[in-house]
Structures are given as C-alpha cells and as structure tokens.
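Please look through the structure shown here before reading on. The explanation moves from a sheet to a helix and then to aromatic rings.

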Amino acid sequence: MKGYIGVDIGGTTTKIGFFDEKQLLKKIEIQTRTADGGKYILEDVAVVIQKTIFHQNDSEIEWSSVGVGLPGPVNADGYMKCCVNLNWKDCYPAKELERLISLPVIVGNDANVAALGEQWKGAGQGYDNLILVTLGTGVGSGIILNGVIVNGRSGLAGEIGHISVNPDEKEMCNCGNRGCLDQVASATGIVRYTQKFLKQYTEDSCLRKEKQLTAEIICNAARKGDVISVQSIHYCMRFLAKALAAVSHVIEPDVCVIGGGVSKMGESLSKIIYEELRDFFYLNKEYPEVKIAQLGNDAGIYGAAKMAQLYKE
C-alpha cells in the first residue's frame, strides 16, 4: 500500500498528515519556528517525518511522496521569491525538503492546496471544477479546473480577494488599491461595515451592547435575525457574489466552496451568497452551487496529500 504525506505550513503552526490512498492515518501539529529567517521550519518537518516513518517498521505502507502547502505564491518550478509569513526569500522549499528526507516533494500555494483538499474529501467531492474562497482576516481563494490546481505564471492565479468590486470604497487596501473584495467580504471587512451601519441606522440591535465586535458575533447575531447584522452580511456577501460571478464567466466552476472563520455561519451564509449570485448572471442562469467547506483547518493537509498522489517527476 502506498502512503503519502501532506504538510500545511502556516505562520504559527505546521500540520503534517500521513495518508494512505484513501484516508488520513495520523496527524501531527508542531509550532512553526520562523526565527532566523525561518531556517528551522523544514528541518522540523523533516524530523517529524523521519520519526514517524523511517523509524517504524511498517511493511504495509510504501511512502511515496510529500506535498506541501505554503502561505505565499509558488512558481511552477517550486521557486518562492518571498514568503513573508515564514521569513523566506529566494528559495526552493521542495528541493531543500527532498534533501532532508530523500522523498520526492511538490509544493503549492496553501489556498490552492486547500481547494484540492476540499475537492478530494470535502464539499467539492464529485466536482471537476471548483473555486474555494476562505473568508478570514482576508479573502483567500484557490481554483481547481478539470481536477488540476490553477497556478498561473507566478503562483498568483485565483487571488480573487484583490479583484476590485466596490468603486465607492474610500480606504486603501493593503495591496495599494481601493475597492478590493478583501476589504469588504473578509471577517475584517464585515466588522468594518457593520460598525458603519450601526452609526448610520437607528434600528435596535444586540450588537450595540458589544464592547468589541467580531465577525463571529455578527454572524451569530445574523443567524438569530438581528436586523443590522443581517443587513451587513447581505451587503458584504453581495460583493463576494459579484466577484464570484465575474470569475464564473471565465472558468465556469461547478461549485463555489466557502471556507474560513465566517463560513461557520453555515448554510444560512451559502444561501445568502447563492441568492445574491442571481443578480449578476445574464448569459447563463445556471449558477454554480454554493457550499460550505467541510474540512476546516485540515483542508491543507488533505490537499497536500492529494497533490503528492498526483505528483509526477
């Protein structure tokens, strides 16, 4: 039986999953040591892999390859010009990890890898074409077409968070533009616009009692029918729907999978997004399905393991 290793390296923690061809066998989580230019990160990953695999006499599993999701753009040849969250610059992580563990390694952007994970074992099962959008501090995304990750020339393909969707936006996005989807549909954006609505409108709202608003508080209030919360979620998700419709006219996905902290709102969120989508489709009234991601924080290791399965030298 062949085995595959999926690694999801984040700025705070690193998850390492050990899989056979069908399922997760074991998961280990360690701290991501970003000190000294992140030079310990891959060494720590290698130590975990070696202890788990090479120091065990398991004749049933032949460990074949390793997939790694990284928080930054990755070129087709595995080159990373810069990875801010890990303090890396001008590096080839796959080559370095291969040197340490003597197994083939393939690397990819973490959002793209998570999309592959949701397609393999999550909400995207049974679909060849999908887009995963994660609504957290920012808006992350990854695209799968015909079962293959879309990377683009330098690994930036699928970054819908920086599509300009709001011409009325006054504040500047972190990328230097104004009106980015990231500014309105992220957890940060939801909080910012809810605060504006609380000042602008006089309706009663349970949010007025909160000392510090969070997207989780707002989403929970919206599920209970709080007027200001519902209005804010609809407003912010309308811009997400606008972006998804634009992307759909280019890649025509079967399904849009929504993940990240905001997705904990559940089916009520996917229903809002689906309803808003209808206003932006004219050529074709067959909209993509909208589903809530199922794998949570494990999507990265699942996708990385699947990427390892698909690896061809």
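The paragraphs below describe a predicted model.

The account begins with the sheet. Five strands make up an open sheet, in the order β10-β9-β8-β11-β12, and their pairing is mixed. Strands β10 (148–149) and β12 are at the edges and have a single partner strand each, so one side of each has no neighbour in the sheet. At one edge, strand β9 (residues 139–145) pairs with β10 in the antiparallel sense over two bridges. Within this pairing, Leu145 has Val148 of β10 as its bridge partner. At the other edge, strand β11 (residues 255–259) pairs with β12 in the parallel sense, and four bridges join them. Here Val255 stands opposite Glu289 in β12.

Which residues of β12 belong to its covered face, and which to its uncovered one? In this strand, which spans residues 289–292, Val290 and Ile292 are on the covered face, whereas Glu289 and Lys291 are on the uncovered face. Glu289, the residue opposite Val255, therefore belongs to the uncovered face of an edge strand.

The next step leads from the sheet to a helix. Strand β11, helix α9 (residues 267–277) and strand β12 together make a right-handed β-α-β unit. Helix α9 contains Glu276. Is Glu276 buried or exposed? Its relative accessible area is 10%, so Glu276 counts as buried, the cut-off for this class being under 20%. The side chain of Glu276 makes a polar contact of 3.2 Å with the side chain of His234. When neighbours within four places in sequence are left aside, the residues in contact with Glu276 are His234, Met237, Arg238 and Ala241.

The aromatic rings form the next topic. A pair of aromatic rings is described by two quantities, the distance of the centres and the angle of the planes. The model has eleven aromatic pairs. In one of them, the ring centres of Phe197 and Tyr235 are 5.3 Å apart and the planes stand at 85°, so this pair is edge-to-face. Phe197 belongs to helix α6 (residues 187–200) and Tyr235 to helix α8 (residues 227–251), so the pair ties together parts that lie 38 residues apart in sequence. Phe197 is buried, because its relative accessible area is 8%. Tyr235, with 30% relative accessibility, is partly exposed.

Tyr235 also pairs with Phe239: the centres of these rings are 5.2 Å apart and the planes are at 70°, so this pair is edge-to-face. Because Tyr235 and Phe239 are four residues apart in helix α8, about one helical turn separates them. Phe239 has a relative accessibility of 13% and so counts as buried. These three residues belong to one aromatic cluster, which is formed by Tyr193, Phe197, Tyr201, Tyr235 and Phe239.

Finally, rings can be considered together with charged side chains. The charged end of Lys196 sits over the ring of Tyr193, at 4.7 Å from the ring centre. Tyr193 is one of the residues in the aromatic cluster. Elsewhere, Arg33 lies over the face of Tyr40, and the distance from the ring centre is 4.3 Å.

Technical notes. Residues are numbered from 1 along each chain as its sequence is written. This is a predicted model: local features need pLDDT of at least 70, side-chain atom pairs count only at pLDDT 80 or more; totals for chains, interfaces and linings use all residues. Side-chain values use heavy atoms; hydrogens and water are left out. Buried means under 20% relative accessible area, exposed over 50%, partly exposed in between (1.4 Å probe, protein chains only). Two strands pair if DSSP finds at least two bridges between them. A crossover is right-handed if, with the strands pointing away from the viewer, the path from the first strand over the helix to the second runs clockwise. A polar contact is a pair of N or O atoms within 3.5 Å; within protein, one must be able to donate a hydrogen and the other to accept it, and residues adjacent in sequence count only if both atoms are side-chain atoms. Contact means heavy atoms within 4.5 Å. Rings of Phe, Tyr and Trp (its six-membered ring) pair if their centres lie within 6.5 Å; planes under 30 degrees apart count as stacked, over 60 as edge-to-face and the rest as tilted. A charge sits over a ring if NZ of Lys or CZ of Arg is within 6 Å of the ring centre and within 35 degrees of the ring normal.
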